[in-house]
Amino acid sequence: MKTSTRYILAGGAVAALTLSFVSTAHAGTRSTVTLPAAAAFTAIPTFKAPKIFGTTFQADPGHDFTKGVHSRRDGILRGWITHVSGVKADYEPIKWKKGTQAEGHFVGPPEGDVRAYSSPIAKNVVFLSAFGCKASMQNMTVDRNTGLGNKRCSRSVLIKRAKQYERPALITVYKGKIVRVQEIYTP
């Protein structure tokens, strides 16, 4: 009797944490959720986000670019997806280049630079769009305080959009997979 009650309580706790994690992810905020070891999935830790409009490329200490294109270390990269093949995405860091006539724009590494990564897109990736989930990309869905997308869209929308456009985003990598992509709004 006591054992079955423990299972029911443990299951309820996991369900409650799952719901809080999903609602937090849907709201576009970062959160760390610690689940029991027996849980079916692992929570994504909170990583320090880079400056959204940083003017230098982010370093990846310890990454050996001479060993071919492979996953970045765990963390958040200000970057964009450059190519999608199946469920694997190639991505690179970006930086903000101030303009002389206009505000500026994001740029990737110069031609011949080897700073590129490749990771599978997680099945449960969180994609927060700055332009809604429709192909027209006409609806602005942005947190006005941060300039980051806050409309959760499906994995298929992320893959389709990444195949068509290089959109600036905060790309979160965890355990070698892309687990979160949050678009940066640029007009």
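Which residue in β2 is the bridge partner of W80? In this predicted model, the partner is E92. That pair is a good way into the fold.

## The overall plan

The protein has two helices and 10 strands. Read from the N terminus, the order of elements is α-β-β-β-β-β-β-β-β-α-β-β. Of the 187 residues, 40% are buried. The protein exposes about 11,100 Å². Carbon and sulfur atoms supply 56% of that area.

Contacts also link distant parts of the sequence. Take the contacts between residues at least 6 apart in sequence: 61% of them join residues at least 24 apart. One example of separation in sequence and space is L128 with A169. These two are 41 residues apart in sequence, and their C-alpha atoms are 9.3 Å apart in space.

## How the strands pair

Start with β1, residues 75-85. Eight of its 11 residues are buried, so β1 is largely enclosed by the rest of the structure. Strands β1 and β2 run antiparallel and are joined by six bridges. They form a hairpin, with two residues between them. In the turn, G86 has a positive phi of about 65°. β1 also pairs with β9, again in the antiparallel sense, over five bridges. There, R78 stands opposite L170 in β9.

Next comes β5, residues 117-129. Here 10 of the 13 residues are buried, so β5 too is largely enclosed by the rest of the structure. One of the residues in this strand is L128. L128 is buried, with a relative accessible area of 0%.

Which strands does β5 pair with? β2 is one partner, β10 is another, and β8 is a third. The table sets out these pairings beside those of β1.

| Strand pair | Direction | Bridges | Facing residues |
|---|---|---|---|
| β1 and β2 | antiparallel | six | W80 and E92 |
| β1 and β9 | antiparallel | five | R78 and L170 |
| β2 and β5 | antiparallel | four | D90 and S118 |
| β5 and β10 | parallel | four | F127 and V181 |
| β5 and β8 | antiparallel | three | F127 and C153 |

Look at F127 in the table. This residue stands opposite V181 in β10. F127 also stands opposite C153 in β8.

## The nonpolar cores

The largest nonpolar core has 19 residues. Which members touch the most others? They are I81, Y91, I121, L158, I171 and I178. Several elements give two or more residues to this core: β1, β2, β5, α2, β9 and β10. So strands and a helix share in building the core.

L158 shows how the parts meet. Leaving out residues up to four places away in sequence, L158 touches I81, I121, V125, F127 and V181. A second, separate core holds 13 residues. Among them are F47, I76, W96 and I184.

## Helix α2 against the strands

Helix α2 spans residues 155-164. Its buried residues are V157, L158, I159, R161 and A162. What do they pack against? The answer is four strands: β1, β5, β8 and β10.

## A disulfide across the sequence

The structure holds one disulfide. C133 and C153 form it, with their sulfur atoms 2.0 Å apart. The link is left-handed, with -95° about the S-S bond. C133 lies in the loop between β5 and β6, while C153 lies in β8, so the pair ties together parts that are 20 residues apart in sequence.

Are the two cysteines buried or exposed? C133 is partly exposed, with a relative accessible area of 28%. C153 is buried, at 5%.

## A buried arginine

R72 sits in the loop between α1 and β1. Helix α1 covers residues 2-27. Is R72 buried or exposed? R72 counts as buried, because its relative accessibility is 4% and buried means under 20%. Its side chain reaches the backbone oxygen of A59 at 3.3 Å.

## Putting it together

Two strands tie much of this picture together. β1 pairs with β2 and with β9. β5 pairs with β2, β10 and β8. Buried residues of α2 pack against both β1 and β5. β1 and β5 also each give two or more residues to the largest core.

Technical notes
Residues are numbered from 1 along each chain as its sequence is written. This is a predicted model: local features need pLDDT of at least 70, side-chain atom pairs count only at pLDDT 80 or more; totals for chains, interfaces and linings use all residues. Side-chain values use heavy atoms; hydrogens and water are left out. Buried means under 20% relative accessible area, exposed over 50%, partly exposed in between (1.4 Å probe, protein chains only). Contact means heavy atoms within 4.5 Å. Accessible areas come from the Shrake-Rupley method with a 1.4 Å probe; for residues, only the protein chains shown count as cover. A disulfide is a pair of cysteine sulfur atoms within 2.5 Å. A nonpolar core is a set of buried Ala, Val, Leu, Ile, Met, Phe, Trp, Tyr and Cys residues joined through side-chain atoms within 4.5 Å. Two strands pair if DSSP finds at least two bridges between them. A polar contact is a pair of N or O atoms within 3.5 Å; within protein, one must be able to donate a hydrogen and the other to accept it, and residues adjacent in sequence count only if both atoms are side-chain atoms.
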